[in-house]
Amino acid sequence: MAAVEEVDDVGRTIEEETVFEKRERGEEAETLTPWEQHSSIISIPRFDYKAPSSLLHHSHSGFLVTCNIKREKSATKEVMSILGKYIGSMHEEKPEVLNSTASKKQKVCAQETEEGGEKTVPLENDALQETGENPNVEDLKLANEEHNSLMSLVKLTKSGLLLFTFPVENSPNTTNIVSRVFQSMESGALKAPIWCHRIFPVQATCGLTEKELRETVSKLVQRFVNDKDNTLSKPVKFAAGYQRRGAEETKGKIRKDASDVLVQCPLLDRIKCFETVAAGVKDIVPDSVVDLKSPELCVLVELLPLSRISSGSFVAAVSVLPHRLVSTKPKLCIKPLVPESKHKKGPN
């Protein structure tokens, strides 16, 4: 196995070691890539074990991130450094939101020391200056602090997935944040990520029942229609996408017979889910039509494979997005951050 693939006792590759760790062993500090600098400043967050219960009873916004399997820690650090910049600029406009939220919500994104004893040590300023591409350390620390107070990391049962949620009282426009990430990448202001594949902006969550899903879709479609930035034709063309990552694992834990599971939750069936989504769209836009090639309005539903929830309970993440943020082939889903051919095998 090549040296770059070697892993230490806390799951980090050799190339993720910090300057501090190398100096402790008496080795000469090498020039670090921007990603290595991020990993030395941004700590791995703890899981918020209260979050799944909250998702069962309240709607949350957030981000569902797909990444390389067995690289969840690296992807967590990476996505925190990406999103922190845009969440920070959002709260510069509304600082009172940040202050009130930080005082109410317990900080759950703390330094992870329980699994493997991993410690994160701030990189020294002189080591940062050795690189040709020097990120602003204070900006990265600020991004980390804002994530600490604003977002919770939710434990999932499916590998290659990360779920971050905002508290109920603070629901920022996650779609705008992801749009800005794409714009920054297209302009060259933001480098392509190494570990993260897609960032799905979760606008709302709901129980996977016909009533809740239909109501949630209708509410989000109404918001989309009211947004002056969205230009719609007549009839409105829409499409729906449904991801059931982790569904098979969940079925196996409940009952062996899949038909019994569908009785408990009929919306696990794709056709039933699409019918419910279409009904929710037509509640707001009666003359809408399905168009899978060039939809103006895209409804994406993601089953969330949550850990520590009661058997038979299912929660979905729902968003209504413009065509520019989605891919229609081979299936309708959020656009990848970089071409998929450049990624190792992992969830789409």
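The questions below work through helices, a sheet and salt bridges in a predicted model.

Student: What is the order of the strands in the open sheet of 5 strands?

Tutor: The pairing in this sheet is mixed. β6 and β8 pair in the parallel sense, over 6 bridges. Read across, the open sheet runs β5-β9-β8-β6-β7.

Student: Which strands stand at the edges of that sheet?

Tutor: An edge strand here has a single partner, so one side is left without a neighbour in the sheet. Two strands fit that description: β5 (204-207) and β7 (289-290).

Student: What angle does the direction of α9 make with that of β9?

Tutor: Helix α9 packs on the sheet. The strands touched by α9 are β5, β8 and β9 (315-322). With the direction of β9, that of α9 makes about 25°.

Student: Where does α12 lie, and at what angle does it run to β6?

Tutor: Buried residues of α12 include C273, T276 and V277. Their cover includes α9 (210-226), β6 (237-243) and β8 (297-304). Helix α12 lies across β6 and β8, and its angle to β6 is about 145°.

Student: How far apart are the end C-alpha atoms of α12?

Tutor: Helix α12 covers residues 270-284, which is 15 residues. At 1.5 Å a residue the span should be 21 Å. The model agrees with that, because the end C-alpha atoms are 22 Å apart.

Student: Which residue caps the N-terminal end of α12?

Tutor: Look for a side-chain oxygen by the backbone nitrogen of I271. The separation is 3.3 Å, and a polar contact needs N or O atoms within 3.5 Å. The capping residue is D269.

Student: At the start of α8, which residue's side-chain oxygen reaches the backbone nitrogen of T175?

Tutor: Helix α8 spans residues 174-187 and reaches 20 Å from its first C-alpha to its last. T175 is one of the buried residues in α8. The oxygen comes to within 3.2 Å of the T175 nitrogen, and it belongs to N173.

Student: What phi does G188 take?

Tutor: G188 sits just after α8. Its phi is positive, at about 90°.

Student: Is S152 buried or exposed?

Tutor: S152 lies in strand β2 (residues 152-154). Its side chain makes a polar contact of 2.9 Å with the side chain of D48. Its relative accessibility is 2%, so S152 counts as buried.

Student: How many residues apart are E215 and K211 in helix α9?

Tutor: Their side chains meet in a salt bridge, 2.9 Å from N to O. K211 is exposed, because its relative accessible area is 58%. E215 is partly exposed, because its relative accessibility is 46%. The two lie about one turn of the helix apart, which is 4 residues.

Student: Which residue forms a salt bridge with R214?

Tutor: The closest N and O atoms of the pair are 2.8 Å apart. The link joins distant parts of the chain, from helix α9 to helix α12, 69 residues apart. R214 counts as partly exposed because its relative accessibility is 32%. Its partner is D283.

Student: Why does the salt bridge of R245 and E302 tie together separate parts, and how many residues apart are they in sequence?

Tutor: The closest N and O atoms of R245 and E302 are 2.9 Å apart. R245 is buried, with a relative accessible area of 11%, and E302 is buried at 6%. R245 lies in the loop between β6 and α10 (247-254) while E302 is in strand β8, so the parts tied together are apart in sequence by 57 residues.

Technical notes: Residues are numbered from 1 along each chain as its sequence is written. This is a predicted model: local features need pLDDT of at least 70, side-chain atom pairs count only at pLDDT 80 or more; totals for chains, interfaces and linings use all residues. Side-chain values use heavy atoms; hydrogens and water are left out. Buried means under 20% relative accessible area, exposed over 50%, partly exposed in between (1.4 Å probe, protein chains only). A polar contact is a pair of N or O atoms within 3.5 Å; within protein, one must be able to donate a hydrogen and the other to accept it, and residues adjacent in sequence count only if both atoms are side-chain atoms. The expected span of a helix is 1.5 Å times one less than its number of residues. Contact means heavy atoms within 4.5 Å. Two strands pair if DSSP finds at least two bridges between them. Axes are lines fitted to C-alpha atoms, for helices over the stretch in contact, and angles run from 0 to 180 degrees between N-to-C directions. A salt bridge is a side-chain nitrogen of Lys or Arg within 4 Å of a carboxyl oxygen of Asp or Glu.
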